[in-house]
Amino acid sequence: MVTRSSMPPMQEYFDEISSLWETRWLTNSGEKHMELEKRLCEYLGVSNVGLCVNGHMALECILEVFDLKGEVITTPFTFVSTTNAIVRRGLTPVFCDINDRDFTIDVNKIESLITEKTSAIMPVHVYGNLCDDEKIRKIADKYNLKVIYDAAHAFGVVKNGVGAAALGDASMLSFHATKVFHTIEGGAAIFKDSENYKKLGYCKNFGMTGPEDLAFAGGNSKMNEFCAAMGLCNLRRIDESIASRKEAALRYRERLQNVKGLQLAAVQEGVKSNYAYFPIVVKAEEFGKTREDIVSALSESNIGARRYFYPLTSSIQSFNGAYRSQDTPVANRISQNVLCLPLYEGLETATVDRICDIIINLVR
Ligand code: T4K
């Protein structure tokens, strides 16, 4: 399968949750929740980590905290959650193209999309590749826009000593079962400003500012204690887990980097990766076979590679064709040809080799 959830030793998780039978405090900012927020601040090198029920709702809550209106510049090459969060908050997505080296937003194309209605830029650190924050920040400052990162894939990624979660006015992390670090379901909103962390607390708890104070119509996006406990266990082993992914990812790179017609994501200078995904882009004319041929060959051997991200999120049916894929040509081309190969903690070199052999033998 494209990925496999990391699991802590069973007994360790049981020990972690056993106190819940005494306290019977199962959700609403309990002990485990508070401890995990603190530990994540330490690990990620940030100050305001607000846990949420999942990454998607964390993103919606961030938009709610900033009370944004109008248009948000984002990319269509992402999991549909990014676009949905913008739409569900009553905002209009404006799609910017990506660059074809690391598949993050093309910073040279942002400025021409800014109008008087633009209120924020929401780029995505796709596959854990970091966006060009320096350029994005400059543009945002010039036009007084918020920068909100979809950092669902970027847990623990560090560039020149600064953690991905520290970038932007806010960042969202996903702790879904399929992610590098998970809490079964879960996510976090990370804010530069502690006042916004406080507001998040209200947004994720029905808009209540006290037990009987109904300030606004908020939703329910709280993380429960069983999920937070899973996070505490997984965080203890996160460095080993990333090291194991690294081994597999480096093996893929070694085997596939010189195969004609296969493009690998560029290695970013100064970036300590988390090895979240291993995408390949198939250039069919050079490679001699299409992405779909590779998918079929792998699937015959019961190997589940996935087309993350296809189709573009600008093609959501309810947009009724309002956006054209030709307007984001690089995103369109990558989306039509990209394939994520299996990558997870404990993936053995022999399995990586078997997957690479199947791909290489297709054109031999
Ligand atoms: N932004 C971005 C850029 C994202 O990628 C995501 C989520 C979000 C925002 C939203 O964050 P969350 O609200 O989810 O926290 C999966 C995940 O459900 C989704 O979290 C993730 N991105 C997306 C890229 O992938 P599916 O529909 O492809 O997952 P599924 O069920 O097919 O699982 C994929 C493979 O993972 C399976 O073949 C086996 C393995 N798996 C799956 C589950 C559910 C496990 O090993 N254990 C499991 O519990 O969406």
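**Entry 1: the ligand**

I count a residue as near the ligand if one of its heavy atoms lies within 4 Å of it. I am working on a predicted model, and I began with the surroundings of the ligand. Of the 25 residues around the ligand, the ones that come nearest are Asp-150, His-153, Ser-174, Arg-306 and Tyr-308.

I then looked up polar contacts to the ligand, and I noted three of them. His-153, one of the nearest residues, places a polar side-chain atom 2.8 Å from an oxygen atom of the ligand. Gly-55 takes part through its backbone, where a polar atom is 2.9 Å from an oxygen atom of the ligand. With Lys-179 the partner on the ligand is a nitrogen atom, which lies 2.9 Å from a polar side-chain atom of that residue. For the cover, I noted that the ligand taken alone exposes 920 Å², and that the protein buries 75% of that.

**Entry 2: the parallel strands β2, β3, β4 and β5**

I started from strand β2, residues 71-74, and asked which strands it is joined to. Strand β3, residues 92-95, runs parallel to β2 and is joined to it by four bridges; within this pairing, Val-72 has Pro-93 of β3 as its bridge partner. β2 also pairs with β4, again in the parallel sense and over four bridges, and here I found Glu-71 matched with Thr-118 of β4.

Next I moved on to β4 itself, residues 118-122, and wrote down that the strand is mostly covered, with five of its five residues buried. β4 pairs in the parallel sense with strand β5, residues 146-150, over two bridges, and in that pairing Ala-120 stands opposite Lys-146 of β5. Asp-150, which I had already listed among the residues that come nearest to the ligand, falls within the residue range of β5.

I also followed the connections between these strands. β2, helix α5 (residues 80-88) and β3 form a β-α-β unit that is right-handed. A right-handed β-α-β unit is likewise made by β4, helix α6 (residues 133-143) and β5.

**Entry 3: a three-stranded antiparallel sheet**

Separately, I looked up an open sheet of three strands, in which the order is β7-β6-β13 and the pairing is antiparallel. β7 (162-163) and β13 (271-272) stand at the edges and have a single partner strand each, so one side of each is left without a neighbour in the sheet. Between strand β6, residues 158-159, and β13 I found two bridges, with the strands running antiparallel; Val-158 stands opposite Lys-272 of β13.

**Entry 4: cysteines**

How many disulfides does the model hold? With a disulfide taken as a pair of cysteine sulfur atoms within 2.5 Å, the count comes to zero.

I wanted to know why Cys-131 is left without a bond. The closest cysteine sulfur belongs to Cys-96 and is 10 Å from the sulfur of Cys-131, which is too far for a bond. I noted as well that Cys-131 counts as buried, at 4% relative accessibility.

Cys-356 gave a similar note: its closest cysteine sulfur is in Cys-340, at 14 Å, and that is too far for a bond. Cys-356 is buried too, with a relative accessible area of 0%.

**Entry 5: backbone details in the loops**

I closed by going through the backbone for cis peptide bonds and for positive phi values. The bond from Tyr-308 to Phe-309 is cis, with omega near 10°, and Phe-309 lies in the loop between α11 (291-300) and α12 (329-337). Tyr-308 is also one of the residues that come nearest to the ligand. A further cis peptide bond joins Tyr-310 and Pro-311, where omega is about -5°; Pro-311 is found in the loop between α11 and α12.

Positive phi in a residue other than glycine turned up at Asp-67, where the value is near 50°; this residue sits in the loop between α4 (55-66) and β2. I found another such case at Asn-144, with phi near 60°, in the loop that lies between α6 and β5. Is Asn-144 buried or exposed? Asn-144 is exposed, with a relative accessible area of 71%.

Key
Residues numbered from 1 in each chain as written. Predicted model: local features only at pLDDT ≥ 70, side-chain atom pairs only at ≥ 80, totals over all residues. Heavy atoms only, no water. Buried < 20%, exposed > 50% of the residue type's maximum accessible area, 1.4 Å probe, protein only. Pairing = 2+ DSSP bridges. Right-handed = clockwise from strand over helix to strand, strands pointing away. Polar contact = N/O pair within 3.5 Å; in protein donor to acceptor, adjacent residues only side chain to side chain. Areas by Shrake-Rupley, 256 points an atom, 1.4 Å probe, with all protein chains shown as cover.
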